[in-house]
Amino acid sequence: MISPTEARSCSRLRESMLATLALAVALLGAPLAQAQDKGTLDPKPLPPLAHPDDPANPAKELFGRRATPAEFKSEVFGFYARGCLAGAEALPINGPHWQVMRLSRNRNWGHPTLVKYIERLSERGAKVGWPGLLVGDMAQPRGGPMLTGHASHQIGLDADIWLRPMPSYELSPQEREEMSATMVVADSRKDVDPNVWTPAHFNIIKAAAGDPLVERVFVNAAIKKKLCEMAGPDRAWLQKVRPYWEHDYHFHVRIKCPEDSPECKHQDPVPAGDGCGKDLDWWFTDAVLHPKPPPVPEKPRPPLRMADLPSACYHVLRAP
């Protein structure tokens, strides 16, 4: 089975340069509680584009219409917020200690390394009091930009895990589309909700960050603060747990570039230290908790087009 790299060489396409990496907001996507957006029991295929070969088409419109993975060997191209995925593997919708949510989105795809990581995390979670994972968005079948919800999750190395433990029964299709994740942050946005937060929440996030393949785990700053308070002397894993807006219904796991993907672009290393104490103070300032709207609305960022992605993504998109 050939790789998109070989296919690209055959067609003699010029190698496109990755544009400047997206700002921090773009790395994680729109600051919305996406786990709360309901799905549908009757998903409809998107209508065909009038001019599918038009280079002006947003890449999300093209990748959003590919319902199956590219028949190449598994390989990642580009950066978490600007790339694509060949040879994706689907996380089964049911496992011994996990269930996939929002099946209508068709976003339970990832590089095989991510799929194995989720399976491994679910087993570790069960041993520390977390009965099972409710898995939200991973990636589309071919990765790439999404029509809704995320700017990252493009290369099959990101996954959202709900902060709601899996129930003891198999969820119905309707429950998977309509059930909500659990808000664990208090109304003040400065602490977790003591009526919701449990030691098991701490344990599953620690287990997620403790895997050596993990690059980062994104959580709300109030959650990070609570993890710092509970951590005790074992604190090395806290370095990977990074505060970010929202992320109060789920945590976002990002794993490292796999060895089989030389064109995967690594993220800069996390700063030294555990990220606790004064490192968190900025997140609890009034300007962050209660931001004022800008005097002049910012213009929306133009959508990524195929020319903005690694050239291998053209072959990933067009492959059988």
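The following exercises, each with a worked solution, concern a predicted model.

**Exercise 1.** Determine whether S122 is buried or exposed, and describe its surroundings.

*Solution.* Begin with the secondary structure, where S122 is found in helix α4, spanning residues 112–127. Next, take the relative accessibility of S122, which is 2% and therefore places the residue in the buried class, since that class covers values under 20%. Then list the contacts: leaving aside residues up to four places away in sequence, S122 touches H97, W98 and L133. Finally, look at the polar part of the side chain of S122, where a polar atom lies 2.7 Å from the backbone oxygen of E119.

**Exercise 2.** Work out which parts of the chain are tied together by the disulfide of C84 and C313.

*Solution.* First establish the bond, for which the S to S distance is 2.1 Å. Then locate the two ends: C84 belongs to strand β2 (residues 82–86) and C313 to helix α9 (residues 312–318), so the link ties together parts that are 229 residues apart in sequence. Both cysteines are buried, and the torsion of -100° about the S-S bond goes with a left-handed link.

**Exercise 3.** Find what pattern the disulfides of the chain follow.

*Solution.* Start from the total, which is three disulfides. Besides the pair of C84 and C313, C228 is bonded to C276, and C257 is joined to C264. With the bonded cysteines counted along the chain, the pattern is 1-6, 2-5, 3-4. As a last step, consider the handedness of the link of C228 and C276, which is left-handed because its torsion is about -85°; the link of C257 and C264, with -70°, is left-handed.

Definitions and conventions
Residues are numbered from 1 along each chain as its sequence is written. This is a predicted model: local features need pLDDT of at least 70, side-chain atom pairs count only at pLDDT 80 or more; totals for chains, interfaces and linings use all residues. Side-chain values use heavy atoms; hydrogens and water are left out. Helices (H or I, at least four residues) and strands (E, at least two) are DSSP runs, numbered from the N terminus. Buried means under 20% relative accessible area, exposed over 50%, partly exposed in between (1.4 Å probe, protein chains only). Contact means heavy atoms within 4.5 Å. A polar contact is a pair of N or O atoms within 3.5 Å; within protein, one must be able to donate a hydrogen and the other to accept it, and residues adjacent in sequence count only if both atoms are side-chain atoms. A disulfide is a pair of cysteine sulfur atoms within 2.5 Å.
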